[in-house]
Amino acid sequence: MGKATGKKVTWIEAADRGTDYYGNCDICKKHMTIAYKLMSGNEYVRENGELYDNAFAHSYGHKECLEKICKEKEIELTC
């Protein structure tokens, strides 16, 4: 197990499916052809210097909806 760096990492990434699997957008509640995931977690460093994280998806939605909610809540996208 590595040591925590104290840095929180947050990014948006495309999921492999849309509304058929994830349901409608968590933000606007509309259909999604492709869903995006708002990923967030803590950063860790291994003894060899390699960085990794324990990120998980917080929300699923349109990329624009997730970017808007990040801006409104002042969440900095780090990746």
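**Backbone outliers, aromatic pairs and packing**

Lys29 is exposed, its relative accessible area being 57% (exposed, over 50%; buried, under 20%; partly exposed, in between; 1.4 Å probe, protein chains only). The structure is a predicted model, in which local features require pLDDT of at least 70 and side-chain atom pairs pLDDT 80 or more, whereas totals for chains, interfaces and linings use all residues. Residues are numbered from 1 along each chain as its sequence is written, and side-chain values use heavy atoms, with hydrogens and water left out.

The backbone of Lys29 adopts a positive phi, near 70°, in a residue other than glycine. Lys29 is located in the loop between H1 and strand E2 (36–45) (helices, H or I, at least four residues; strands, E, at least two; both DSSP runs numbered from the N terminus). A positive phi is also found at Glu74, likewise a residue other than glycine, with a value near 55°. Glu74 belongs to the segment after helix H2 (63–72), and its relative accessible area of 74% places it among the exposed residues.

Aromatic pairs were examined next. In total, 3 such pairs are present in the structure (ring centres within 6.5 Å; planes under 30 degrees apart stacked, over 60 edge-to-face, the rest tilted). One of them joins Tyr22 and Tyr60, which are stacked because their ring centres lie 4.5 Å apart and their planes meet at 20°. This pair connects distant parts of the chain, since Tyr22 lies in helix H1 (residues 19–22) and Tyr60 in strand E4 (residues 56–61), 38 residues apart. Both partners are partly exposed: Tyr22 has a relative accessible area of 22%, and Tyr60 one of 24%. Tyr44 and Tyr52 form another stacked pair, with 5.5 Å from centre to centre and 20° between the planes. Tyr44 counts as buried, at 15% relative accessibility. The face of Tyr52 is covered by Arg46, at 4.1 Å from the ring centre (NZ of Lys or CZ of Arg within 6 Å of the ring centre and within 35 degrees of the ring normal). Tyr21, Tyr22 and Tyr60 together make up one aromatic cluster.

The nonpolar packing was then considered. The largest nonpolar core consists of 5 residues, namely Ala15, Cys25, Met32, Ala35 and Cys65 (buried Ala, Val, Leu, Ile, Met, Phe, Trp, Tyr and Cys joined through side-chain atoms within 4.5 Å). Within this set, Met32 touches both members of the first stacked pair described above, Tyr22 and Tyr60 (contact, heavy atoms within 4.5 Å). The other contacts of Met32, not counting residues up to four places away in sequence, are Gly18, Thr19, Gly23, Asn24, Cys25, Gly61 and His62.

Two strand residues complete the description. Ser40 is part of strand E2 and is buried, with 5% relative accessibility. Its contacts, not counting residues up to four places away in sequence, comprise Lys8, Val9, Thr10, Asn54, Ala55, Phe56 and His58. Ala57 occurs in strand E4 and is partly exposed, at a relative accessible area of 24%. With the same exclusion of residues up to four places away in sequence, Ala57 touches Lys37, Leu38 and Met39. Between Ala57 and Tyr22 the separation is 35 residues in sequence and 12 Å in space, C-alpha to C-alpha.

Terms used
Rings of Phe, Tyr and Trp (its six-membered ring) pair if their centres lie within 6.5 Å; planes under 30 degrees apart count as stacked, over 60 as edge-to-face and the rest as tilted.
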